[in-house]
Amino acid sequence: MSEKPTVEKYLMNIQEGMFKAYKCVDCGMVIAPPSGTCYGCGSSNMEWTKVSGNGKLVSFTVIHIAPDEFAEEAPYYVAIVELEEGTRVSSRLLGFDPLKPEEVNLGISVRLDYEDGKSGKKYLAFKPA
Amino acid sequence: MPLKKTNIVSAAQTKFGALEGVTLREMFSEAVDKATIHAGIPKKDIQAAFIGSFIPEMLVHQGHTAPLLLDFAGLKGLPATRHEAACASGATALRAAVMAIESGIYDTVLVAGVEKMTSVSTSGATEALAAAADDQFESSIGLTFPGVFGIAAVAHMQKYGTTEEDMARVAVKAHKNASTNPLAQFQKEITLEKAMTPRYIAWPLKLFDCSPISDGAAALVLTSNEKAKQYTDLPVKITGTGQASASMNLCDRTDLTSFSASVEASKSAYSMAGLEAKDMDFAVVHDCFTIAEIIASEDIGFFEPGEGAKAVRDGVTAIDGDKPINPMGGLKAVGHPVGATGVKQAVVAYRELIGDAGPNQVPKHDTGVVHNFGGTGATCVVTVMRRGDA
């Protein structure tokens, strides 16, 4: 995994169902979505890292009124998930009824997954662990 | 050290709303005329223009707007630059103008903000607004602006017990205040029941939690101490300005119940003015969504974190409360033509400070604070103002 990570490849990895995060070569901080500079030590020396796929739900919303591209998918969940490795990502949330958001509890354990959107794109997603 | 030289000597806005048949340059020109010749300030006295506009490229297919707008408004030839920071575009233009006056480069300048949003469809406007979020990492999974604030609302509800009804009360207050503001997009009061109508935009945010799509313009004339008396006996001094940024991505924020750029910009502005939040008589804050007003009221230091909802419930933020917020009706009910908003907020503060707010006048009006933030809260500008004779 010595290849220098790029934003384009990061997005492509998600499309291929093979999510990888950035990792700072100098201090080991795991970063996703990509940053050109480490939030921990300021280094711009990055490499790819696989993640465990375990995380917890930090917050979420249910999008009812969506942009044209996603209109057919609405209503759908968008969540903020904190990975076990410490970094947070925005993702779709699967496994819950979008019309019953009051049944979703923050802090629950979630697991990395993907959603094939009607838009033809694959989204980073999480489901209850 | 407080800023020493900058005075607001006139301030005006157009009506906000769906201004059918009125183009970008016409709205701009109307606001400029109101703030200059109608206020007794000859246009020839203006030495430079600082213009806030978010995304006319997508909304009206027009770039390089500063000279275009000046042409139509009779200010051809002046140095003029457009400032863009999403919904904070207006306040970044104001801040640049303040720095120009304080530096001594100019004596008298124009600050104006403008946006024409109803010339495209609602989905076109939504798409344009989405450009203020991170396209590759967040918009690409279908996160919208109401969604961003829905996420913040869920976090705030979980941590502090804020409720959907608390948010609805912000909307009720906004509509009540706007009902006596003839320049507001919505001039009708709404009941709490109506505000709670379960038409979800991004759960838990409903239709009445969201500011509308609007057209409009606003303008200010700023001048130095030496010149201020030529124009008015009652100038408003800008004594502090602060600006900060935060990560574009919501997921890169450690706390979703507060906007760090708001906290930092407030600290800078208060510190520059030599004042604290408790010294402010009222605030004009960026209530693009009802939860945004609750969080802003905490971030600018009016209330402790988690106490913003209680303040709304108890009427503390009403016009006749101890800490009035958005006494003219806020973005929520007056409208939110994005690039005009930050300038319009300063117009509101000016009118309140000089006692020219009519039925919307706050009782104590020596010092006020204006909070304008952009996009997901990635840019925030806070301005402290004090009436010249206070």
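What span should the 16 residues of helix α6 of chain B have at 1.5 Å a residue? For α6(B) (residues 145-160), the expected value is 22 Å, and the end C-alpha atoms agree because they lie 22 Å apart; the expected span is 1.5 Å times one less than the number of residues. The model is predicted, with local features requiring pLDDT of at least 70 and side-chain atom pairs pLDDT 80 or more, while totals for chains, interfaces and linings use all residues. Residues are numbered from 1 along each chain as its sequence is written, and chains are lettered from A in the order in which they are written.

Helix α6(B) is mostly covered, with 13 of its 16 residues buried (20 or more other C-beta atoms, placed from the backbone, within 10 Å of the residue's own). Just after α6(B) comes B:G161, with a positive phi near 80°. The contact between the chains draws 28 residues from chain A and 27 from chain B, where contact requires C-beta atoms, placed from the backbone, within 7 Å. On the chain B side, α6(B) gives the largest share, seven residues.

Elsewhere in chain B, helices α1 (residues 24-35) and α3 (residues 65-72) pack at about 60°, their axes 9 Å apart. That angle makes α1(B) oblique to α3(B) (under 35 degrees is roughly parallel, over 145 roughly antiparallel, 65 to 115 roughly perpendicular and the rest oblique). Here B:R25, B:F28 and B:S29 of α1(B) meet B:L68, B:L69 and B:F72 of α3(B). Among the residues of this contact, four are nonpolar, one is polar and one is charged.

Note on methods:
Axes are lines fitted to C-alpha atoms, for helices over the stretch in contact, and angles run from 0 to 180 degrees between N-to-C directions. Helices (H or I, at least four residues) and strands (E, at least two) are DSSP runs, numbered from the N terminus. Two residues are in contact if their C-beta atoms, placed from the backbone, lie within 7 Å. Ala, Val, Leu, Ile, Met, Phe, Trp, Tyr, Cys and Pro count as nonpolar, Asp, Glu, Lys and Arg as charged, and the others, Gly among them, as polar. A residue is buried if 20 or more other C-beta atoms lie within 10 Å of its own, exposed if 12 or fewer, and partly exposed in between; C-beta atoms are placed from the backbone.
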